[in-house]
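Here are some exercises to work through with the structure open beside you. Try each task yourself before you read its solution.

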Amino acid sequence: QVQLVESGGGLVQAGGSLRLSCAASGSIFRIPVMGWYRQAPGKQRELVAVINDGSSMNYASSVEGRSTISRDNAKNTVYLLMNRLNPEDTAVYYCYAVAQGDRFSQILNYWGQGTQVTVSS
């Protein structure tokens, strides 16, 4: 079983920056993909950014150019730096991982508990 714990959310003014972190723990053989999704009130959960273990990245168009996703494979941790934040970025941000607990187990999807990001205008 893999656990994901996020940190770094909070209240920030429009135009500011925020860095989210997510550490994976538990029984981990490999984590092919790590990333971030977000869900605003009344909206569906949406992709923000993902990165694979070869450091190939994919961003939502709404954050591309002002956000950077990175990962530290030695620490099983993924980071998301978001700049030029605006009120539309307000949401609960969820860490996401595709992980394999041991070499014989299935590759499964895992989610963190979410961290609130609020951008004030």
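A salt bridge is a side-chain nitrogen of Lys or Arg within 4 Å of a carboxyl oxygen of Asp or Glu. Before you start, note that this is a predicted model: local features need pLDDT of at least 70, side-chain atom pairs count only at pLDDT 80 or more, and totals for chains, interfaces and linings use all residues. Residues are numbered from 1 along each chain as its sequence is written, and side-chain values use heavy atoms, with hydrogens and water left out.

**Exercise 1: a network of charges**

Task: Find out how many salt bridges there are and which residues they link in a network.

Solution:

Step 1. Apply the rule above, and the count comes to three salt bridges.

Step 2. Begin with Glu46, which forms a salt bridge with Arg38; their closest N and O atoms are 2.8 Å apart. To describe the surroundings, we call a residue buried under 20% relative accessible area, exposed over 50%, and partly exposed in between (1.4 Å probe, protein chains only). Glu46 counts as partly exposed because its relative accessibility is 37%. Arg38, at 6%, counts as buried.

Step 3. Now look at the other side of the network: Asp89 and Arg38 also meet in a salt bridge, at 2.9 Å from N to O. Asp89 lies in the loop between strand E8 (77–82) and strand E9 (91–100), and Arg38 in strand E4 (residues 30–39), so this pair ties together parts that are 51 residues apart in sequence. Strands (E, at least two residues) and helices (H or I, at least four) are DSSP runs, numbered from the N terminus.

Step 4. Asp89 has another partner, Arg66, with 2.7 Å between N and O. Arg66 sits in the loop between strand E6 (57–59) and strand E7 (67–72), so its bridge to Asp89 joins parts 23 residues apart in sequence. Both Arg66 and Asp89 are buried.

Step 5. Put the pieces together: Arg38, Glu46, Arg66 and Asp89 are linked in a network of salt bridges.

**Exercise 2: a sheet and its edges**

Task: Work out in which order the four strands of the open sheet are arranged, and which strands stand at its edges.

Solution:

Step 1. Recall that strands of a sheet pair through backbone hydrogen bonds, either parallel or antiparallel. Here two strands pair if DSSP finds at least two bridges between them.

Step 2. Follow the strands across the open sheet: the order is E1-E3-E8-E7, with antiparallel pairing. E1 and E7 stand at the edges, each with a single partner strand, so one side of each is left without a neighbour in the sheet. From one strand to the next, the twist averages 15°.

Step 3. Check one edge. E1 and E3 pair over six bridges in the antiparallel sense, and Val2 stands opposite Gly26 in E3.

Step 4. Check the other edge. E7 and E8 are antiparallel too, paired over six bridges, and Arg71 has Val78 in E8 as its bridge partner. These two strands form a hairpin with four residues between them, and Asn76 in the turn has a positive phi of about 50°.

Step 5. Look at the side chains along E7, which alternate: Ser67, Ile69 and Arg71 point to one face and are buried, while Thr68, Ser70 and Asp72 point to the other and are not.

**Exercise 3: a cluster of rings**

Task: Find which residues ring pairs link into a cluster.

Solution:

Step 1. Rings of Phe, Tyr and Trp (its six-membered ring) pair if their centres lie within 6.5 Å; planes under 30 degrees apart count as stacked, over 60 as edge-to-face and the rest as tilted. The structure holds three aromatic pairs.

Step 2. Tyr37 and Tyr96 form an edge-to-face pair, with 5.4 Å from centre to centre and 70° between the planes. Tyr37 is in strand E4 and Tyr96 in strand E9, so the pair ties together parts that are 59 residues apart in sequence. At 13% relative accessibility, Tyr96 counts as buried.

Step 3. The rings of Tyr37 and Trp111 have centres 5.1 Å apart and planes at 70°, so this pair is edge-to-face. Trp111 lies in strand E10 (residues 107–111), so its pairing with Tyr37 ties together parts 74 residues apart in sequence. Trp111 is partly exposed, with a relative accessible area of 38%.

Step 4. The result: ring pairs link Tyr37, Tyr96 and Trp111 into a cluster.

How values were computed: Axes are lines fitted to C-alpha atoms, for helices over the stretch in contact, and angles run from 0 to 180 degrees between N-to-C directions.
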